[in-house]
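Please look through the sequence and the model below before reading on. The report that follows moves from charged pairs to the chain as a whole and then to its interior.

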Amino acid sequence: MRRLVSRLVPKKLRGDAVTIPVIRLSGAIMPSNSLTRQNLSLATTATVIEKAFAVPDAPAVAIALNSPGGSPVQSRLIFRRIRDLAVEKDRKVFIFVEDVAASGGYMIAAAGDEIIADPSSIVGSIGVVSAGFGFQELIKKIGVERRVHTAGQNKAILDPFQPEKKEDVERLKALQLEMHEMFINLVKERRGAKLADDPELFTGAFWTGTRALDLGLVDGLGDMRSVLKERYGKKTKLALITQPRGLFGRKLGISSSAGSIPDLGAAIAGNAATGLIEAAEEQALWRRFGL
């Protein structure tokens, strides 16, 4: 009701206060959720992103970002959604880096027209990594025989229960190089002449916010409140945009539609079975940056 009344009042009589919608994107970038936390993906962020860009008369959208990276596909999808809406709604996008915007997290940050970091933020890691484990010796020790039958000679490449093959690693590295090139081109397209001519820029290295400013990866140092009030005036209001979270809602990754409650036990069991692996992957992402 307040918004409706405000829109009916002539702009010159509303005062000079500007409202900037704010959203928080925090977490590892993964296509699935666990029972205890919500990761970043297009499915988990699309609604809140669209709500922020739907705020009337806002000159910009501010995004507080804190992510060590993860899925390159989901990173690019989130990046694309932000940019598409920025163009469609003619809104400026400010990205404020908190602890870290690295790898896929920096890809999302590149959606900003301006990227502002804390001096101690971790920024960069423009590269591609694949990690895993080899269990072939372990299953020998515990007396387990691995049986794999495929139609197609490449269907079982990089099987963690079989010895690593040179040709499989070469195939993986070729894919990584192609993905890395896509990442580099995206950063160059968005940052352009701001980027420093530094040989370390696209090696997967990462830096503090202060050094990232020198390299052209960010546009400034500071915090959201101070920067936006300086830019739009002391009366600027920051409006946090959130999405509803119910007991069986999006946060848990379990549908609350009719007929789903009897399957809650199965859903919990299924999430728990994969949760340990996903938690380990997520922790590995954060630990890489000392967080």
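## Charged pairs and buried cores

Glu50 has a relative accessible area of 36%, and it therefore counts as partly exposed. This value, like every other in this report, was computed from a predicted model. The side chain of Glu50 meets that of Arg81 in a salt bridge, with 2.7 Å from N to O. Arg81 is also partly exposed, at 24% relative accessibility. Because Glu50 belongs to helix H2 and Arg81 to helix H3, their pairing ties together parts of the chain that are 31 residues apart in sequence. As a general point, side chains of opposite charge can pair when their charged atoms come close.

The structure holds 12 salt bridges, and three of them are set out here with their distances and the accessibility of each partner.

| Salt bridge | N to O distance | Relative accessibility of the partners |
|---|---|---|
| Arg81 and Glu50 | 2.7 Å | Arg81 24%, Glu50 36% |
| Arg80 and Asp84 | 3.2 Å | Arg80 38%, Asp84 41% |
| Arg211 and Asp214 | 4.0 Å | Arg211 34%, Asp214 52% |

Asp84 and Arg80 both lie in helix H3, where four residues, about one turn of the helix, separate them. Arg211 and Asp214 are both found in helix H7, which covers residues 209-215, and they are three residues apart, again about one turn of the helix. Asp214 counts as exposed, at 52% relative accessibility, because exposed means over 50%, whereas Arg211, at 34%, counts as partly exposed. Elsewhere, Arg83, Asp113 and Arg190 are joined into one network by salt bridges that share partners.

Helix H2, the home of Glu50, runs over residues 42-53 and has 12 residues. From its first C-alpha to its last, H2 reaches 15 Å, which is close to the 16 Å expected at 1.5 Å a residue. Which residues of H2 are buried? They are Leu42, Thr44, Thr45, Ala46, Val48, Ile49, Ala52 and Phe53. The cover over these buried residues includes strand S1 (19-26), strand S2 (60-67), helix H3 (72-89) and strand S3 (92-102), so that H3 both helps to cover H2 and supplies Arg81 for the salt bridge with Glu50.

Turning to the whole protein chain, there are nine helices and eight strands. The chain has 291 residues, and buried residues make up 39% of them. Among contacts between residues at least 6 apart in sequence, 73% join residues that are at least 24 apart. The chain exposes about 16,800 Å², and carbon and sulfur atoms supply 55% of that area.

In soluble globular proteins, nonpolar side chains tend to be buried together. In this model, the largest nonpolar core has 45 residues, and Ile82 and Leu217 are those with the most contacts inside it. Helix H3 gives the largest share of this core, namely five residues. A second core, separate from that one, has 12 residues, among them Ile20, Ala60, Ala62 and Ile116.

What is Leu217 in contact with, leaving aside its neighbours within four places in sequence? Its contacts are Tyr106, Ile115, Val123, Gly124, Ile126, Arg191, Leu195, Leu201, Trp207 and Ala212.

Conventions: Residues numbered from 1 in each chain as written. Predicted model: local features only at pLDDT ≥ 70, side-chain atom pairs only at ≥ 80, totals over all residues. Heavy atoms only, no water. Helix = DSSP H or I, 4+ residues; strand = E, 2+ residues; numbered from the N terminus. Expected span 1.5 Å × (residues − 1). Buried < 20%, exposed > 50% of the residue type's maximum accessible area, 1.4 Å probe, protein only. Contact = heavy atoms within 4.5 Å. Areas by Shrake-Rupley, 256 points an atom, 1.4 Å probe, with all protein chains shown as cover. Core = buried A, V, L, I, M, F, W, Y, C linked by side-chain atoms within 4.5 Å.
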